[in-house]
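Please look over the structure shown below together with its sequence. The report that follows moves from one strand to its sheet, then to a second sheet, a histidine and the overall form.

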Amino acid sequence: MNIETLCENIYEDLEGYISSIESTYMGISFIYETEHWDEHDKRVRFKIECEGVEESTLNLDAGGTFQLLNEHPILDEYTGDSGSLFFSSKPENPNEIIGLLYSAHLSYFGEWRELSKYLNTKILFGELLSSGNGSLATAPIKVLEIYKKAVSDYLKVNIIKSHANDGGFKLLLVEDTYIVCKKISVKYC
């Protein structure tokens, strides 16, 4: 069994859930228990081992659906380039800038990421904007482009690339939780 096959066969009505999560020297492993998709009177258990883990929100009792993705807003942080969005003008209404950034962020990420993860929070945001220049955010370039588009009519902004990310990561969604890792293996247990 591989993760792709498991993702194709797991669906919400099978009453699946994560029954245990364990840190390993290679990453994270977890046990997933579910009704079998072909034999509904039979329950099965899988041990799913994730190597090269960068981030995880997996929790006990998460279940329902599985999706394996190579593209997702969460993965932007691990693929492509990252940098900072700088501004060099004073906005007429700093609160409007915050609102525009929040709206752009929410439309891209939904509930997956908080805006505060990327915004410059070293100083009160209103004070930062009133200063007339500085760094607005540090994030993946793809995200910075979204922010830039949202505020460029109100601020002079520029993106500076800082580094290229490693890449090669996958995102396994288990219901509304996830794990970002390099490699996933599955076996019956």
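How many of the 7 residues of strand 6 are buried? In this predicted model, strand 6 is mostly covered, with 5 of its 7 residues counted as buried.

## The sheet around strand 6

Strand 6, made of residues 81-87, belongs to an open sheet of 3 strands, and the order across that sheet is 7-6-8 with antiparallel pairing. The edges are taken by strand 7 (134-140) and strand 8 (157-164), each of which pairs on one side only. From one strand to the next, the twist averages 25°.

The pairing can be followed residue by residue on both sides of strand 6. Towards strand 7 there are 6 bridges in the antiparallel sense; Phe86 has Ser135 as its bridge partner there, and Phe87 stands opposite Gly134. Towards strand 8, which also runs antiparallel to strand 6, there are 7 bridges, and in this pairing Gly83 is matched with Lys161. As a rule for reading such a strand, side chains in a regular strand alternate between the two faces of the sheet.

## A helix packed on the sheet

Helix 4, residues 141-151, packs on this sheet and touches strand 6, strand 7 and strand 8. The direction of helix 4 makes about 135° with that of strand 7.

## The second sheet

Another open sheet is formed by 4 strands in the order 4-10-9-5, and here too the pairing is antiparallel. Strand 4 (55-56) and strand 5 (66-69) stand at its edges with a single partner strand each, so one side of each is left without a neighbour in the sheet.

The partner of strand 5 is strand 9, residues 170-174, to which strand 5 is joined by 4 bridges in an antiparallel arrangement. Within this pairing, the bridge partner of Leu68 is Leu172.

## The surroundings of His105

His105 lies in helix 2, which covers residues 94-109. Is this histidine buried or exposed? The relative accessibility of His105 is 2%, and because a residue under 20% is classed as buried, His105 counts as buried.

Once its neighbours within four places in sequence are left aside, His105 is in contact with Gly110, Arg113, Glu114, Leu115, Tyr118 and Tyr147. With Tyr147, His105 also makes a polar contact from side chain to side chain, at 2.7 Å. Tyr147 falls within the residue range of helix 4, 141-151, so that the polar contact links helix 2 to the helix that packs on the sheet of strand 6.

## Overall form

Taken as a whole, the secondary structure of the protein comes to 4 helices and 11 strands. The C-alpha trace spans about 65 × 30 × 25 Å along its principal axes, and the radius of gyration is 20 Å, whereas a compact globule of 189 residues would have one near 16 Å.

Of the 189 residues, 44% count as buried. The protein exposes about 10200 Å², of which carbon and sulfur atoms supply 46%. Among contacts between residues at least 6 apart in sequence, 71% join residues at least 24 apart.

Technical notes
Residues numbered from 1 in each chain as written. Predicted model: local features only at pLDDT ≥ 70, side-chain atom pairs only at ≥ 80, totals over all residues. Heavy atoms only, no water. Pairing = 2+ DSSP bridges. Helix = DSSP H or I, 4+ residues; strand = E, 2+ residues; numbered from the N terminus. Axes fitted to C-alpha atoms, helices over the stretch in contact; angles between N-to-C directions. Contact = heavy atoms within 4.5 Å. Rg over C-alpha atoms; globule rule 2.2 N^0.38 Å. Buried < 20%, exposed > 50% of the residue type's maximum accessible area, 1.4 Å probe, protein only. Areas by Shrake-Rupley, 256 points an atom, 1.4 Å probe, with all protein chains shown as cover. Polar contact = N/O pair within 3.5 Å; in protein donor to acceptor, adjacent residues only side chain to side chain.
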